[in-house]
Every structure is written in structure tokens, then in C-alpha cells.
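The following exchange examines how several labels applied to a protein model are justified. Each answer sets a value against the rule that it has to meet.

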Amino acid sequence: MATTRILFIGGTGVISRAVVERCLDLGHEVTVLNRGSTTLRPVPDHVEALTADVRDADAVGAALGTREFDVVADFLSFTPDHVGGWVDRFEGRTGQYLFISSASAYQTPPERLPVTESTPLRNPFWQYSRDKIACEDLLVEAYRDRGFPATIVRPSHTYDRTMLPTIGHWTDIARMRAGKPVIVHGDGTSLWTITHARDVAVGIAGILGHHAAIGEAFHATGDEAPTWNQIYGWLADAAGVEPRLVHVASETIAAEHPATGPGLLGDKSHSMVFDNAKLRALVPGFGNTIRYQVGAREVIEFHDAHPELQRVDEELDRVFDRLAERAGSAAPA
């Protein structure tokens, strides 16, 4: 395989750091552009690190100069203005611009499962998702009108050892270990696709520099879709406790804690299962190798080794207390 020169805009996030590592394993030449401020997922050895605030056009210009790359992989754009700036900068200077969108951009709730790349894009609940759709629209137009070499990737819920997938994150684990009830949205039986970053990285790295991916959109998700009850149960097992799960309607949680609403009503409260055939056709090795029952242990072990990450949201903790009390008082005698 020929060496590919890849610029990562980002490179130290949950997904991007895993893709950087995968690209190094494949022998590619990797450069990252970011503020250079993270310590949680540091840049690996053998990676060229360029330091700039990616929202500062002058700083980016000074860092990049007139350099060209075979691939530009953008993990840090969230609005059309962000994407438009990179299109202007790299048009004619890269063979592929890969944009990380989001599977939350798909029709929510979906009319049918599994979700495919032809599922309509529409999310009336979450501005984040609507902005990602607008970014995609800009790139599709640039590809159709001028041949700009865009590829769109839509990851779903991707985690590494630093990430907890539940509503309360570490607050939920702290509540479990304190013997307090834990709030689960809905009845806990909706299906949720959750995939380890190392698995997602195989799929994304496999289409970097792949000519057949130009002008195309893919989702990069796993095939494992446990229920939320299972997810909470596996986390409890990893934390060494028996959970007390209390089920509360998503709308009730959102009304009580509005900051939770968009991500809950616009994403987590709906069953999401994906058909990954399109990506797997180009990257046959892509798939689930790390099941969440195993991943949950990795997450808890990492947090137990890093007490500074065990952050309890006091406000949300009080919200959970109120919701649990109300659910208990509403339960039949």
C-alpha cells in the first residue's frame, strides 16, 4: 500500500485519535492540526503536530502555508461556516476531504430500521444535527458543481475508555455505587448502537484515500445494538454493583432537565440500528470486535484509575433524586 499523506483537523478526540493510530499502523504519513492542549489523548509518536486554533484563519494559514495533502480528515467542523472555510482553503490542494458528520442527522425518529445511507436526513429535535445536515448540503453542492472531492462519514455513538454513554455519565456510576436509583429513559428496551472507537477507526481509515469513496456518504457504526437496560447492567457489573433502575419517560426527563433534552429526544430515546454494508464493501475488515460488555469494563477500570475524571454533576444528581421520588410515588401499591 502506498503511503498517504493525511492531515487531521483535530486528531485527539475520541474517534480521531483512534483513526490517527490506525493510520500509523497502516504506514501512512500523519499530520495533526489542533490547539495542542489535550493531555487525555496525546498525539502519538511519529505524528507531525501543527499548533493553531482551527477557528483562526490567519493562525491556520501560518501553520499550513501552501502545503498539500492526499487527504484532509476534518473532525472539528460543526457548522457550514466551518466547512466552507476548509473547502476554500483546500480546493485544488487535496485529493479527498473527509467530513465527520453524525448519524443523528438521519430521520429522527426513523420510519424504518435498519437505517441505511439513503435514509432521509431530518432531525427536528437537535440543532447540532441540523447543522451537520447543512454542512453536508454544502459539500454535496461543492462536489456536484465543481467536483470537490468530498466524502461524508456519519458515526453513531462511539466511545473509548474515557466515555460513559448514559445520561448522567459518571453521576450514574456514583449513584449505583451509593445504592441510589438510576434513571433510565423510556422503558429501557429501545435499541442503541454503540461502538468502540478502535472498531470505528478501521472503517474510517479504510476509506481515506479510497477513490471509490469520493462523492459518497457512509455511516461508520457497529452492528451491536443492545438495549439501554443491558448497557446500564453491564456498567453496573463492571462497577461491582447491582443497579436499581428506575424508568422515566424521555419527555419527563427533558422537561425536568432541559439541557438533556436535545440529545435525548433527538437521539438516544429512539431505537437506532444501522446497515453497514456500504462501508464494509470498501473495507471488508470493518466490524464489531469489542462488545460493549467488554468495553464497559475498560471504561470503569480507566475511571477508577483516574479519580480526577469521576465528576458528579450535582444539579443532575438532584434532578435524578426528584425523578426517582416521583416515579416511586406513582408506582402502584
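Ala, Val, Leu, Ile, Met, Phe, Trp, Tyr, Cys and Pro count as nonpolar, Asp, Glu, Lys and Arg as charged, and the others, including Gly, as polar. The structure shown is a predicted model.

Q: How many residues of each class does the lining of the second largest pocket have?
A: The lining comprises 9 charged, 7 nonpolar and 2 polar residues. The pocket itself has a volume of about 400 Å³. Its lining is made up of 18 residues, and those closest to the centre are Arg-17, Ala-18, Glu-21, His-196 and Arg-198. Arg and Glu count as charged, Ala as nonpolar, and His falls among the others, therefore it is classed as polar.

Q: Which helix supplies the largest share of the lining of the second largest pocket?
A: The largest share comes from α1, with 6 residues. Both α1 (14-25) and α6 (197-207) contribute at least two residues each to this lining.

Q: Why is Cys-23 called buried or exposed?
A: The relative accessibility of Cys-23 is 0%. Buried requires a value under 20%, so Cys-23 counts as buried.

Q: What makes Cys-135 buried or exposed?
A: Cys-135 has a relative accessible area of 0%. The cut-off for buried is under 20%, and Cys-135 is therefore buried.

Q: How many disulfides does the rule give?
A: A disulfide requires a pair of cysteine sulfur atoms within 2.5 Å. By this rule the count is 0 disulfides.

Q: Why is His-46 called buried or exposed?
A: Exposed means over 50% relative accessible area. His-46 has a relative accessibility of 77%, so it counts as exposed. This residue lies in the loop between β2 (29-34) and β3 (48-51). Its phi is near 70°, a positive value in a residue other than glycine.

Q: What makes His-169 buried, partly exposed or exposed?
A: The relative accessibility of His-169 is 42%. Buried ends at 20% and exposed begins over 50%, with partly exposed in between, so His-169 counts as partly exposed. His-169 is located in the loop between β7 (157-159) and α5 (170-177). Although not a glycine, His-169 has a positive phi of about 55°.

Q: What is the omega of the peptide bond from Thr-108 to Pro-109, and is that bond cis or trans?
A: Omega is near -5°, and the bond is cis. Pro-109 belongs to the loop between β5 (97-100) and α4 (127-146). The peptide bond from Leu-113 to Pro-114 is cis, with omega near 0°, and Pro-114 is found in the loop between β5 and α4.

Methods: Residues are numbered from 1 along each chain as its sequence is written. This is a predicted model: local features need pLDDT of at least 70, side-chain atom pairs count only at pLDDT 80 or more; totals for chains, interfaces and linings use all residues. Side-chain values use heavy atoms; hydrogens and water are left out. On a 1 Å grid over the protein atoms alone, a cavity is a set of points where a 1.4 Å probe fits but cannot get out, and a pocket is an open set with protein on both sides within 12 Å along at least five of seven lines; lining residues have an atom within 4 Å of a point. Grid points are joined across faces, edges and corners, and a volume is the space filled by probe spheres set on the points. Helices (H or I, at least four residues) and strands (E, at least two) are DSSP runs, numbered from the N terminus. Buried means under 20% relative accessible area, exposed over 50%, partly exposed in between (1.4 Å probe, protein chains only).
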